[in-house]
Amino acid sequence: MIVQVKDISCRFGDITALDAVSLDVAKGDVVCIIGPSGSGKSTLLRCLNALEDIESGEIIIDGMNVDRRHRQIHQIRLEIGMVFQHFNLFPHLNVLRNVNLAQQVVRNRGKAEATQISLELLAKVGLADKMDQYPGQLSGGQKQRVAIARALAMNPKVMLFDEATSALDPEMIGEVLEVMRRLASEGMTMLVVTHEIGFAREVADRIVFLDNGKIIESGPPADLLVNPQQTRTKEFLAKVL
Amino acid sequence: MDWLVSQISSLSKIFFYLIQTVHWTILISVLAYLIALALGLTFGILRLSPRRPVRWFASVYVNVLRGVPLLVLIFFFYFGLGKVVNMDRFVAGVLAVGICYGAYLAEIFRSGIQAIDYGQHEAAMSLGMTRWQTLRHIILPQSVRIVVPPAANEFISCLKDSSLVSIIGLRELTRAGREYSSQYFLDFQTWLMVGLIYLMLTFTLTRVVKWLERRVAVHGYGVEKR
């Protein structure tokens, strides 16, 4: 198991965002996390990258304990790629520098080596011709594809997608999902928070349904989407399908 | 006609007298501003430190220095500290102005850093950058674009406030004006000329700032490139 989440809880003031959540992900698996808004999906993903404090429980990714208070937490984070809903590209750097920067600063790669890797990845997401442009000149779908290339450039062992297509215009969702689909088929371990049930059905090895900070149900798409066991799951799916 | 000629000749005499001291005004304000930039950046960052004592220390500096008139600070440095550690008037004047403006700039840098979307921190951290790497490569380069106009404004203020050090006998532009007017009793013409020279300096500076703003502009982000 490359990702082991054991009994984690996360609270913001009086609100319990995650309540004793456990989740194991095998290497190469794609796990889609679905659920109503406010159910804790994003919080779960953010905990996996130590962007939120967990109150109890533990998270182990590839043998490393993910703890925000850990002094070397930045070295653990670089093994985990994250793609954000709002892209969070660096607006002052062009596309190539966006993908290069952390490779040079964090992975200590030379400029030539980093550029070569960046160009391969940009070609992979179909944006090699945009390397000189600034994020402000790109469409939403293009920004998100650059963000994916930027995360991949660190050779992460796990990729986290936090509602990667939720801020996109409908006609741009497809191009981002296509990149994610290809990544999944290449064997990347992925945790995907998504509202795209179609994508989850097609790509996920397992779907996890989260509600009120708890995992209500999980299973392969064929089971969970077609024949859900819990009433909450049924109600949710009735609304979104 | 004669009146006009004599006025012009006396004004130009004043101009050439005063202009010989303008390099002191420039030197004092540039040195003071460089000190202020270094202090401002340092304390602006320290004010956002995750450690409470560090934040507290930085906010004491800002609030104390911001709350004392610059003139009092100049007296304190020259007459007060100057007696203890043997500073000449130049060092005392530059330090007083620099430390005072450091406090103003600290606030500008702090707000410039805080203005950057938190998503930028998170993206940098998720790529494995440390706090310092994030600040250096992601946050500060973006803050600069926000900070340039107000920080340049402070330089213009700093240049004007450098006239205050004339009071401890530093022979810069304002001091020269006082000497000239008390020697020749041409108060109106002298102070008019002093004012005009300051205006020349500050006007040139505003042009430089405009140019600087365009230089740091990035397409689709903040100030537009023209």
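**Exercise 1. Determine in which helix of chain A residue A:S118 is found, and establish whether A:S118 counts as buried or exposed.**

Solution. In this predicted model, A:S118 belongs to helix α4 of chain A, which spans residues 111-124. The next step is the accessibility. Buried means under 20% relative accessible area. A:S118 has 0% relative accessibility and therefore counts as buried.

**Exercise 2. Identify which residues A:S118 touches, leaving aside those up to four places away in sequence, and state with which side chain that of A:S118 makes a polar contact.**

Solution. With residues up to four places away in sequence excluded, A:S118 touches A:L96, A:V99, A:N100 and A:Q103. As for polar contact, the side chain of A:S118 pairs with the side chain of A:N100 at 2.5 Å.

**Exercise 3. Describe the largest nonpolar core and the surroundings of A:I33.**

Solution. Begin with the core itself: the largest one has 52 residues. Those with the most contacts inside this core are A:V3, A:I8, A:I33, A:L48, A:I59 and A:L191. Next, take A:I33 from that list. Not counting residues up to four places away in sequence, A:I33 touches A:K41, A:L44, A:L45, A:L191, A:V192, A:V193, A:T194, A:V208 and A:L210. A second, separate core has 48 residues, and B:L73, B:M87, B:I99 and B:I197 are included in that core. In soluble globular proteins, nonpolar side chains tend to be buried together.

**Exercise 4. State how many residues each chain brings to the contact, and what area is buried between chain A and chain B.**

Solution. Chain A brings 24 residues and chain B brings 22 residues. The area buried between the two chains is about 2,000 Å², with carbon and sulfur atoms giving 65% of that area. On the side of chain A, the residues losing the most area to chain B are A:F90, A:P91 and A:H92, which together account for 27% of what that side buries.

**Exercise 5. Analyse the salt bridge, the polar contacts and the make-up of the side of chain A that touches chain B.**

Solution. First, the rule finds 1 salt bridge across the interface of chain A and chain B. A:R46 forms a salt bridge with B:E122, and their closest N and O atoms are 2.5 Å apart. Second, 5 residue pairs are in polar contact between the chains, both residues being at pLDDT 80 or more. Third, at least two residues of the side of chain A that touches chain B come from each of α2 (73-77), β6 (80-83), α3 (95-105) and α5 (140-152) of chain A. Of these residues, α3(A) supplies the largest share, 3 residues. Finally, sorting that side by class gives 15 nonpolar, 6 polar and 3 charged residues.

Terms used: Residues numbered from 1 in each chain as written. Chains lettered and ligands numbered in written order. Predicted model: local features only at pLDDT ≥ 70, side-chain atom pairs only at ≥ 80, totals over all residues. Heavy atoms only, no water. Core = buried A, V, L, I, M, F, W, Y, C linked by side-chain atoms within 4.5 Å. Buried < 20%, exposed > 50% of the residue type's maximum accessible area, 1.4 Å probe, protein only. Contact = heavy atoms within 4.5 Å. Buried area = accessible area lost by both parts, 1.4 Å probe. Salt bridge = Lys/Arg side-chain N within 4 Å of Asp/Glu carboxyl O. Polar contact = N/O pair within 3.5 Å; in protein donor to acceptor, adjacent residues only side chain to side chain. Helix = DSSP H or I, 4+ residues; strand = E, 2+ residues; numbered from the N terminus. Nonpolar A, V, L, I, M, F, W, Y, C, P; charged D, E, K, R; others polar.
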